[in-house]
Amino acid sequence: MPDDNRDQAGRPSPDALLERARAETRGRLKIFLGAAPGVGKTYEMLLSGRAKIADGFDVVIGVVETHGRKETEALLAGFEIIPRVEIDYKGRSLEEMDLDGILARRPDLVLVDELAHTNAEGSRHPKRYLDVKELLDRGIDVYSTLNIQHVESLNDVVSQITRIRVRETVPDSIIDLADDVEIIDLTPDDLIKRLHDGKVYMPRTAERALTNYFTPGNLTALRELALRKTAQRVDDQLLTHMQAHAISGPWAAGERVLVSVDHHPRSASLVRYASRMASRLRAPWAAVYVETNRSINLSEAERDTIASTLRLAEQLGGEAITIPGREVADELVRHASANNVTHIVIGAPKKPTWRDWWGRSITDELIRKTGEISVHVISGTGKDGTTARGVKAAATAPQLDLRAYLLATVYVAIALGVSIVLDQVLDVRNLALVFLMAVLTSAVLHGLRPALYSCILSALSFNFFFLPPRYTLTISDPESVLALFFFLGVAIIASNLTATVQRQAAAARQRARTTEDLYLFSKKLAGTGTLDDVLWATAFQLASMLKVRVVLLLPEEGSIAVKAGYPPDDTLDDADIAAARWAWEHNHAAGRGADTLPGAKRLYVPLRTGRTAVGVIGLDSDRRDGPLLTPEQQRLLDALADQAALAIERVQLVADVDRARLAAEADRLRSALLTSISHDLKTPLAAILGAAGTLRDYFASMPEEDRSDLLSTVVDESERLNRFIANLLDMTKIESGAMEPNSALHYAGDIVGSALRRAAKMLERHRTEMSIPADLPMVRVDPVLFEQVIFNLLDNAAKYASEGSVIHIGGWADADNVVLQVSDEGPGIPPADLTRVFDTFYRVRKGDQVRAGTGLGLSICRGFIEAMGGTIAAGNRTGRSGAVFTIRLPKPTDIPKLDELK
């Protein structure tokens with residue numbers, strides 16, 4: 001595709017650089033492309049694999065089909081072959097490539113034969129090329145083989161050449177994904193000779209192939225297709241190289257291709273032709289369906305054809321567009337002019353020539369109105385044109401609204417009553433207008449069919465009650481016959497026009513409602529500040545607009561978890577979890593109706609932004625068969641998902657900024673560690689020196705009360721200094737592994753009481769509560785170390801809890817442990833800090849009113865508890881604010897009984 005930034009001469013193309021960056025993050029794909037079976041693709045792939053082994057690469061065979069060819073089988077020697085997996089299918093055991101085995105083995109290069117192969121039911125992917133894509137996404141290089149007749153965009157051409165339609169196809173995007181395409185070429189005469197020699201098929205099969213498929217003409221045409229496809233790929237690679245290295249060249253003016261599709265089966269042929277044209281022109285293209293008033297009368301099969309054709313366009317790399325309008329030609333010209341389209345592809349008219357007297361065909365109108373836009377008129381073929389749908393939609397029986405016909409009868413009855421009254425003063429021909437009013441009322445309120453019913457009923461009533469001879473259906477006056485005929489014609493035309501306007505108004509209201517919902521949704525997202533608000537708003541909007549059940553999943557600790565749903569639902573079975581995880585990891589849809597893991601209950605669609613996938617949407621409905629979403633709903637889902645993904649990314653970016661600010665604060669605190677420690681050492685030393693100097697110099701003249709205060713200052717600051725030094729020494733012992741607890745059996749309540757007495761002055765502005773039962777089992781601890789743990793936890797609670805709040809110490813026993821908890825009524829611990837509060841020198845951000853610490857107290861607690869065989873965890877209280885620290889110590893198994901003590 002031409003670069004859109006051509007004005008920036010001398011600078012590499014961002015798109016080309018981005019493509020190169022993407023290629024560096026995945027494995028490399030090389031396709032050995034042939035014009036027909038037997039040209040030597042597998043043989044050449046094995047030779048290339050041997051060359052890689054000689055170069056020191058780790059090469060394995062994922063799957064290779066030799067078809068009994070001895071020279072190919074001989075090349076398998078020396079390769080490591082990954083055993084295939086057996087899949088039971090209808091009582092038969094089928095062998096398929098072991099995708100998980102290859103991923104676990106993780107070689108440098110894997111050889112995968114027959115890229116277009118269809119996997120057996122029960123495999124992870126229905127197609128082998130999807131297996132290859134997963135291998136590439138995991139960083140594994142792949143060599144594979146492909147015949148030109150399996151390329152999706154050439155399916156119609158190959159069918160026309162060989163008279164055989166190939167069912168197994170590969171999207172053109174797979175070939176575009178290939179880093180290298182090597183053409184394996186043989187002349188038709190050489191290939192036919194190989195066939196005669198039995199090097200391709202068995203003799204009987206070879207004879208039949210020579211008659212039907214391997215004719216010189218067919219092989220020449222297929223060879224040309226293979227060469228052209230390879231040349232196009234090489235040209236794309238050259239263009240990407242030129243753009244990435246800012247090499248100036250003759251850039252194209254920017255071709256664009258538009259193909260008009262309708263409900264005719266030949267539309268698939270037109271789409272494939274447009275895809276090939278766009279590929280030759282290196283141009284973007286789109287498939288456009290114009291939804292006119294006649295679209296409402298299409299059958300379910302015709303609607304399904306349109307949906308399948310639009311899906312095919314998306315699979316071939318085009319854009320699927322549906323636009324409303326009255327005339328197809330006018331809308332196509334308007335859209336083409338607005339989007340700078342240079343080529344329009346349309347099917348040749350199929351209606352009989354005599355109908356040209358009544359009006360030109362869409363093709364003729366388009367040619368007359370397009371001006372300088374080139375119009376390509378293609379005959380196309382309607383034989384098996386569309387690709388098979390994965391899941392068929394359930395047929396819906398047409399519903400007969402009896403109420404509408406009953407009301408139409410009432411309107412005619414009212415018109416009849418009014419006409420009987422007016423018959424005394426008006427001419428009989430003017431009474432037809434009264435019945436016409438009933439017809440129009442039915443058309444406006446109930447649509448076309450009740451209006452036609454009303455039209456016939458009005459004509460019969462008008463004839464029976466008012467045209468002579470009255471009260472019979474016989475008409476004697478020729479003028480009355482003419483009046484009744486024109487009345488019927490005017491009523492039919494008027495009812496049809498009125499119903500059309502009514503349908504257009506309904507469609508316009510629906511579009512306006514959708515647009516308003518999208519606007520309100522974007523406005524709601526713009527006003528949300530938390531992730532939970534964004535998720536719940538998204539789930540509700542998706543459920544209400546698409547009429548489905550929704551779950552939203554976001555990444556969490558290396559996996560993906562349900563974060564919101566509407567209706568609320570957080571239960572997923574194993575198949576759904578696997579599909580959701582696959583959709584998130586591979587940035588592609590998975591689950592119900594998708595190519596990957598279709599057995600899941602829900603359809604999982606990744607929430608994508610320009611950077612990455614930020615989450616996954618899971619969709620489900622009460623209808624268990626058929627596609628989950630129509631193409632229109634799919635486009636609506638894309639619009640809603642894009643807005644939601646951007647909102648989620650915005651919230652996450654804000655959170656990232658907050659975390660970065662916290663990390664910077666932590667780095668600043670770490671960098672100021674020596675300053676902090678020196679302050680904590682210098683401050684009590686300065687207070688002690690000041691108080692001692694004052695006592696020395698002014699002891700005799702100082703009042704007794706002042707001397708007592710100064711002595712208290714010396715004692716308090718000495719204790720403070722002792723605590724800091726003890727913490728440093730304890731931390732040094734823990735980190736050096738020299739901590740050896742002197743453990744014995746102790747009652748935890750006694751040690752807690754000792755710690756409370758020691759921290760009495762520190763807790764004098766708080767209320768303390770202790771609820772440790774007297775029958776709590778004894779624990780095997782070092783009493784000095786355990787008391788220090790409780791003291792540090794009390795010190796931490798006193799720092800962060802406000803004055804007058806309660807600090808609670810509780811204890812209980814469970815099946816295996818004795819549990820002690822210290823909780824406060826402070827602000828609690830931020831969730832992001834719960835796993836870091838025990839790190840050395842880590843301090844949670846706090847207000848100015850909180851006295852400073854060294855960030856050692858909780859780290860010492862963890863070291864002491866773990867040295868005594870227990871665990872300690874930090875958390876937040878439920879139901880109110882506050883932090884809680886939980887200590888678990890194992891119950892001793894050697895507690896002596898009372899009789900033994902006696």
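1. Six strands form an open sheet in this predicted model, in the order β3-β2-β6-β7-β1-β8 and with parallel pairing. Strands are DSSP runs of E of at least two residues, helices are runs of H or I of at least four, and both are numbered from the N terminus; two strands pair if DSSP finds at least two bridges between them. At the edges lie β3 (80-81) and β8 (180-184), each pairing on one side only.

2. Residues are numbered from 1 along each chain as its sequence is written. Local features need pLDDT of at least 70, side-chain atom pairs count only at pLDDT 80 or more, totals for chains, interfaces and linings use all residues, and side-chain values use heavy atoms, with hydrogens and water left out.

3. Strands β2 (residues 59-63) and β6 (residues 109-112) run parallel and are joined by four bridges. Val59 stands opposite Leu109 in β6.

4. Helix α2 (residues 41-54) packs on the sheet and touches β1 (29-34), β2, β6, β7 (141-147) and β8, contact being heavy atoms within 4.5 Å. The direction of α2 makes about 165 degrees with that of β7; axes are lines fitted to C-alpha atoms, for helices over the stretch in contact, and angles run from 0 to 180 degrees between N-to-C directions. Helix α5 (residues 128-137) lies across β1, β2, β6 and β7, at about 175 degrees to β6.

5. The largest nonpolar core has 57 residues. Such a core is a set of buried Ala, Val, Leu, Ile, Met, Phe, Trp, Tyr and Cys residues joined through side-chain atoms within 4.5 Å, where buried means under 20% relative accessible area (1.4 Å probe, protein chains only). Among those with the most contacts inside this core are Val110, Leu111 and Val112. Its largest share, five residues, comes from α5.

Conventions. Buried means under 20% relative accessible area, exposed over 50%, partly exposed in between (1.4 Å probe, protein chains only).
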